[in-house]
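Biologist: I'd like a close look at one part of this predicted model. Could you walk me through it once it's up on the screen?

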Amino acid sequence: MLRSIAMLIISFTIFSNLQAQHLIKDVELVKTKDNIINIYQNENTGEIFRHYSNKVNLDLGLISELLDENTQEGIIWENGKKIPFAKGEHLLAARNDIILTAKHMWDVEKEESISEVRRYTIFQRSLLESEGVLHIAKKQTIIMLENGNFIITNFTDNYGTEFMIYSSNMKLLETYKPYMLGFKNIQFAENRNIIMAAVYPTKTHRENTIKLYFINSKSGRILRKKEIYDNFSTEKMFAVNDLFILYGEGWINTFTKDGKSKWDREFKEPVSVFEGDLGTYLYVVTNKKIYCLKKKNGHIKWSKKISQYYELNLSEKMESVVDITVIPLGIYSLFHGSDIGVIIGQKKGTLGKSKLRHQIILFRLDKKGELIDQTHLAKKSETVTLISENNEFKVITDNSVKTYTK
């Protein structure tokens, strides 16, 4: 009897070791008192840097709160090396070895506030500044693409008139003005060198249609354009291999890269999406559930409640005297899509819009949604990023970079 129990324990231990992911590298990020905004990784070199932004005390009374010079931003490498930007210079976007920044100033001739955009190249953990600068309106938004090119749009406060595609060296490639009377909504997604833009006209437009642009992200030129009936309003867009997924008003609409409508279905609040290793299923996490959808038609193969994996300790909730909400932070492909990774944490009700997340756990699931293993990632962190790399995956939080393998 004792021998049978011992064998059972040994078998269970071996099975658990086979199933669990293993921590193979744990890099402690140098501690800093700086206010960290985001963390980036150069996919080409694996280097990681943090973007910080601190308030600078200026003896100018209340007016100092209105000045850009009231902030000091920069980046910090893993080893603690810090590179500050100029006073009032803000990081706009970063992609691999390219960083775009902007500094707001007053244009005397135009009598308006503008942004001076600068481009930096990362070289041996230093920043090389490009010679040219780009001047844009202060309220314009920049979206960086995978190849270093970027989109600029003047869409703000639910209204815009144009969007432009620039090269990585800040040369204008193309300008698009979808409607003469402007648009009320515009959303972008990028998918293997193709940009999809969904543009919604203002109410003054006669026809109840929206425009879908499919654009080459390298040249900025239109590959195809399509008009469809305006029966939904896009809030989010996702890109998975050969499919664009548009979500809005409780519906998902999918389109191929050729602009063909694939399928649509009723759905609630997708947070993130990825495609399985065989290209047959889509895995989606919402605020309440995890879904496996058939890619060809959107039918649900299975769904699981998040509470099945992550249980909130009600006694702790009572003691903390704050409102606690369990929220998913992302769903990811692990080990070439053979497993599913779901990161879940807690958001505590506080004044203001705090990004701090508590009790963050990674749940590793099989293709049927069954739990394989779970790993506690951080007691609290503002930043949580998972990056899949071959047979490993890397989790970056405020204080560390941890690498796991099977």
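How much space lies in the largest pocket?

Modeller: About 2,100 Å³ in this predicted model. The pocket is lined by 47 residues, and the ones closest to its centre are Glu43, Arg95, Glu146, Tyr332 and Leu386. If you sort the lining by class, you get 26 nonpolar, 14 polar and seven charged residues.

As for where the lining comes from, at least two residues each are supplied by strands E2 (36-41), E6 (89-95), E11 (141-144), E15 (183-191), E19 (236-240), E23 (270-275), E27 (324-334) and E31 (384-389). E31 gives the largest share, with six residues. Two of the residues closest to the centre can be placed from those ranges: Arg95 falls within E6 (89-95), and Leu386 falls within E31 (384-389).

Tyr332, another of the residues closest to the pocket centre, makes a handy stepping stone, as Tyr332 is also touched by Asp339. Asp339 sits in strand E28, which covers residues 339-348. Asp339 counts as buried because its relative accessibility is 7%, and the cut-off for buried is under 20%. Its side chain has a partner, though: a polar contact of 2.9 Å joins Asp339 to the side chain of Arg364. Leaving aside residues up to four places away in sequence, Asp339 touches Phe274, Tyr332, Ser333, Leu334, Arg364, Leu365, Ile372 and Lys406. Phe274 in that list lies in the range of E23 (270-275), one of the strands that supply the pocket lining.

You can make a similar hop from E15 (183-191), also among the strands that supply the lining. Phe183 and Lys184 fall in that range, and both are touched by Thr202. Thr202 itself lies in the loop between strand E16 (194-201) and strand E17 (209-216). With a relative accessible area of 15%, Thr202 is under the 20% cut-off and therefore buried. The side chains of Thr202 and Thr204 make a polar contact at 2.7 Å. Again not counting residues up to four places away in sequence, Thr202 also touches Tyr159, Leu181 and Gly182.

One last stop while you have the model open is a hairpin. Strands E13 (residues 163-166) and E14 (residues 172-176) pair in the antiparallel sense over four bridges, and Met164 stands opposite Thr175 in E14. Five residues lie between the two strands, and in that turn Met170 has a positive phi of about 70°.

Conventions:
Residues are numbered from 1 along each chain as its sequence is written. This is a predicted model: local features need pLDDT of at least 70, side-chain atom pairs count only at pLDDT 80 or more; totals for chains, interfaces and linings use all residues. Side-chain values use heavy atoms; hydrogens and water are left out. On a 1 Å grid over the protein atoms alone, a cavity is a set of points where a 1.4 Å probe fits but cannot get out, and a pocket is an open set with protein on both sides within 12 Å along at least five of seven lines; lining residues have an atom within 4 Å of a point. Grid points are joined across faces, edges and corners, and a volume is the space filled by probe spheres set on the points. Ala, Val, Leu, Ile, Met, Phe, Trp, Tyr, Cys and Pro count as nonpolar, Asp, Glu, Lys and Arg as charged, and the others, Gly among them, as polar. Buried means under 20% relative accessible area, exposed over 50%, partly exposed in between (1.4 Å probe, protein chains only). A polar contact is a pair of N or O atoms within 3.5 Å; within protein, one must be able to donate a hydrogen and the other to accept it, and residues adjacent in sequence count only if both atoms are side-chain atoms. Contact means heavy atoms within 4.5 Å. Two strands pair if DSSP finds at least two bridges between them.
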